[in-house]
Amino acid sequence: MKEISFFATCPKGLEYLLEDELSALGANTTKQTVAGVTFKGPIELGYKVCLWSRFANRILLPVAHYPVNNADELYKGASKVLWAEHLAVNGTFRVDFSGASEELTNSHFAAQKIKDAVVDQFRNKTGQRPSIEKRDPDLRINAVMRRGYVTIGIDLSGQSLHKRGYRVEGAAAPLKENLAAAILVRAKWPEIAKAGGSLVDPMCGTGTLLIEGLMIAADIAPGLWRKNFGFQRWKQYDSKAWQKLYQEAETRAKEGKQKLLSTFHGFDIDETAIAQARACAARVSFSNFINFQTVAIKALTAREVKKKFGLCVVNPPYGERLEEQENLLPLYRILAHTLKENFLNWEAGMITGNMEIAKKMGLRAYKKYAVFNGTIPCEILLFHIKPEWFVTKR
Ligand SMILES: C[S@@+](CC[C@H](N)C(=O)[O-])C[C@H]1O[C@@H](n2cnc3c(N)ncnc32)[C@H](O)[C@@H]1O
């Protein structure tokens with residue numbers, strides 16, 4: 001089987017998790033870089049990673065890598081790729097360009113140069129050309145400029161893989177799905193779920209942590225509900241290989257749901273958020289598995305959960321908006337108090353962009369991981385809810 005080099009992109013801070021995940025999915029010779037991991041394997045592995053990766057954003061198949069000093073060199077290098085191997089002459093495409101060099105500072109202009117190289121190659125050979133389609137192209141070409149080199153790749157994922165297909169429109173500040181999965185794995189949710197523990201999110205918003213947690217616990221592929229992937233309209237698409245992978249994932253999901261030991265509970269003070277969480281869960285037929293209720297954190301007791309142990313995960317407000325700031329410390333303290341009173345001997349995981357406030361909440365973290373939530377530097381904090389980790393006022 002032909003071995004191909006791929007590149008998986010991910011949010012900054014998730015590279016370790018992604019590398020481990022890729023190895024577990026069967027990748028060879030993995031190597032981390034900033035916000036991504038290179039890996040090798042047959043083309044089926046590219047499809048499999050698109051279907052199963054909980055952490056990646058995009059899976060790219062590099063087709064050219066060369067030094068570039070100016071627009072002319074960028075064009076010439078892109079002209080050497082045999083584009084007819086990837087796209088039909090009557091197909092559609094778009095070019096995403098990121099990064100810059102001293103000469104090439106405008107990513108829009110650089111993308112245009114690659115687009116010209118593709119179009120000119122088809123026109124010179126056939127007299128016809130493929131067209132540009134921004135929203136839903138047959139082929140996404142991805143180009144990254146770093147340290148004087150450009151890498152051009154075919155985007156096998158299409159839309160970013162964090163878009164699983166369960167999100168409803170209009171939700172306020174939901175956590176990115178792959179970041180939610182990272183918090184859960186860092187907080188040892190896979191192990192806790194195997195032991196039959198519950199998952200609770202006391203400020204669940206649209207329910208991202210619970211939906212991702214259910215998918216992890218029930219061995220459900222995160223890409224199972226996506227309507228399409230980039231590789232499905234790529235000229236070399238092998239639909240048989242994809243069908244096999246997809247059917248296997250369907251079987252695993254069915255069996256995983258039957259074997260599920262954990263219960264799932266989401267609470268939030270905001271009724272609209274709870275309605276959105278229920279709508280997201282319904283989209284992926286999870287309504288019977290997750291209990292969502294409108295409850296303020298200070299009213300939350302272990303009664304709502306009725307389980308002896310598990311993981312409490314939370315993504316509280318960070319206070320980006322000024323009016324949130326002054327209520328933040330009391331809110332974090334109520335959260336810590338609730339954990340101590342009602343979730344004794346549980347594990348807990350929290351993501352926050354407000355590390356100062358988190359330090360004062362009254363619980364000492366046993367582990368911290370730096371991540372980015374979009375552009376906001378954040379920390380994933382892990383807690384054992386045990387008296388020896390409680391901080392009492394001096
Ligand atoms: C950053 S959002 C959580 C987003 C969520 N992780 C998601 O993916 O949609 C913070 C949530 O905390 C909730 N919240 C704020 N104060 C609360 C309180 N006192 N009790 C319960 N929930 C609260 C807000 O309504 C909001 O939904």
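**Helix contacts, the ligand shell and two odd phi values**

Me: Which residues in helix 5 meet helix 7?
Reply: In this predicted model, E177, A180, A181, I183 and L184 are the ones in helix 5. Across from them, helix 7 puts in T208, L209, E212, G213 and I216.

Me: What's the mix there, in nonpolar, polar and charged residues?
Reply: The contact of helix 5 with helix 7 has 6 nonpolar residues, plus 2 polar and 2 charged.

Me: And at what angle do helix 5 and helix 7 pack?
Reply: About 65°, and their axes are 9 Å apart. Helix 5 covers residues 177-186, while helix 7 covers 208-217.

Me: Left-handed or right-handed crossing for helix 5 and helix 7?
Reply: Helix 5 goes past helix 7 in a right-handed crossing.

Me: OK, on to helix 3 and helix 4. How far apart are their axes?
Reply: The axes of helix 3 (residues 71-79) and helix 4 (residues 107-126) are 8 Å apart, and the packing angle is about 40°.

Me: So what do you call that arrangement of helix 3 and helix 4?
Reply: Oblique. An angle of about 40° is not under 35 degrees, so it doesn't count as roughly parallel, and it falls short of the 65 to 115 range for roughly perpendicular.

Me: Which residues make the contact?
Reply: From helix 3 you get A71, L74, Y75, A78 and S79. Helix 4 brings A110, K113, I114, D116, A117, V118 and Q121. That contact of helix 3 with helix 4 splits into 8 nonpolar, 2 polar and 2 charged residues.

Me: Switching to the ligand. How many residues surround it?
Reply: There are 19 around the ligand, with P174, M203, G205, T206 and T208 the closest. T208 also sits in the contact between helix 5 and helix 7.

Me: How does the shell around the ligand divide?
Reply: It has 13 nonpolar residues, 4 polar and 2 charged.

Me: Now the backbone. What's up with phi of T29?
Reply: Phi of T29 is positive, near 35°, and T29 isn't a glycine. The residue lies in strand 2, residues 28-33.

Me: Is T29 buried or exposed?
Reply: Exposed: T29 has 11 other C-beta atoms within 10 Å, and 12 or fewer counts as exposed.

Me: What about K188, what's its phi?
Reply: About 65°, so positive, though K188 is not a glycine. You'll find K188 in the loop between helix 5 and helix 6 (189-194).

Me: How many other C-beta atoms are within 10 Å of K188?
Reply: K188 has 15, which makes it partly exposed.

Terms used:
Residues numbered from 1 in each chain as written. Predicted model: local features only at pLDDT ≥ 70, side-chain atom pairs only at ≥ 80, totals over all residues. Axes fitted to C-alpha atoms, helices over the stretch in contact; angles between N-to-C directions. Helix = DSSP H or I, 4+ residues; strand = E, 2+ residues; numbered from the N terminus. Parallel < 35°, antiparallel > 145°, perpendicular 65-115°, else oblique. Contact = placed C-beta atoms within 7 Å. Nonpolar A, V, L, I, M, F, W, Y, C, P; charged D, E, K, R; others polar. Near = placed C-beta within 6 Å. Left-handed = near helix turned anticlockwise from the far one by under 90°. Buried ≥ 20, exposed ≤ 12 C-beta atoms within 10 Å, placed from the backbone.
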